[in-house]
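This report looks at a few local features of one protein model. Please keep the sequence and the 3D view at hand while reading.

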Amino acid sequence: EHERAHAGLVLLHDRLDFGAGDSLPGVEGRVFYFYRGDAMTVEDSVYAVAFLSSSLDYKFAKSNAVTFTADKQKFSLPLRKRFYRNNFQSVQELLIYVIPRPQLKKLAAAQRISVKIGSYTGGISTNSLMYINNLLNTSN
């Protein structure tokens, strides 16, 4: 018996603002939904959130825990995987976290979301909340 293909859906693309005085120019955030099977018979599924940074040196090699604050309610996610590359002009780091559906629902219901990755704190735009809600509704 052959394995069914995995499918992924990217719904959120947001550039996090880490402040003008910070040496980190910006971080892109994305939320993914992956499932195994077909759309009518999903056998297994997972949500993931990923952050891609680009800077002059490694920012998340040692400290890469993520904490979300959704309307003053905090929760943390363990790092699932960190990828990095150095192209001799800048360093890119990709941090991937698995996020349970209940936590993603908390984010979607929030009026204000902040994200702390390592020692850097930024925010997710309110426009992105609509995309998170759309993801949750279509993957129900």
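The text below deals with aromatic rings, then with one strand residue, and then with one helix.

**Aromatic rings**

The model is predicted. It holds eight aromatic pairs. A pair of aromatic rings is described by the distance of the centres and the angle of the planes. Two of the pairs share Phe51, and their values are set out here.

| Pair | Centre to centre | Angle between planes | Kind |
|---|---|---|---|
| Phe51 and Phe68 | 6.4 Å | 40° | tilted |
| Phe51 and Tyr97 | 6.2 Å | 65° | edge-to-face |

Why is the pair of Phe51 and Phe68 called tilted? The planes of the two rings stand at 40°, and an angle counts as tilted when it is neither under 30 degrees, which would be stacked, nor over 60, which would be edge-to-face. The pair of Phe51 and Tyr97, at 65° between the planes, is edge-to-face.

Where do these residues lie along the chain? Phe51 is in strand S3 and Phe68 is in strand S4 (residues 66–70), so their pair ties together parts that are 17 residues apart in sequence. Tyr97 belongs to strand S7 (residues 91–98), and its pair with Phe51 links distant parts of the chain, 46 residues apart.

Are these three residues buried or exposed? Phe51 counts as buried because its relative accessibility is 2%. Phe68 is buried as well, at 1%, and Tyr97 is buried with a relative accessible area of 0%. Together with Phe75, the residues Phe51, Phe68 and Tyr97 form one aromatic cluster.

**A residue in strand S3**

Leu52 also has its place in strand S3, which covers residues 41–55. Leu52 counts as partly exposed because its relative accessibility is 26%, and partly exposed is the class between under 20% and over 50%. The C-alpha atoms of Leu52 and Gln92 are separated by 6.9 Å, although the two residues are 40 residues apart along the chain.

**Helix H2**

Helix H2 runs over residues 126–138, which makes 13 residues. At 1.5 Å a residue, H2 should span 18 Å. The C-alpha atoms at its ends are 19 Å apart, which agrees.

Which residues of H2 are buried? They are Ser128, Leu129, Ile132, Leu135 and Leu136. Seen down the axis of H2, these buried residues fall within an arc of 120°, so they line one face of the helix. On the other side of H2, the residues Asn127, Asn137 and Thr138 are exposed.

Conventions: Residues numbered from 1 in each chain as written. Predicted model: local features only at pLDDT ≥ 70, side-chain atom pairs only at ≥ 80, totals over all residues. Heavy atoms only, no water. Helix = DSSP H or I, 4+ residues; strand = E, 2+ residues; numbered from the N terminus. Buried < 20%, exposed > 50% of the residue type's maximum accessible area, 1.4 Å probe, protein only. Phe/Tyr/Trp six-rings, centres within 6.5 Å; stacked < 30°, edge-to-face > 60°. Expected span 1.5 Å × (residues − 1). Arc of directions from axis to C-beta.
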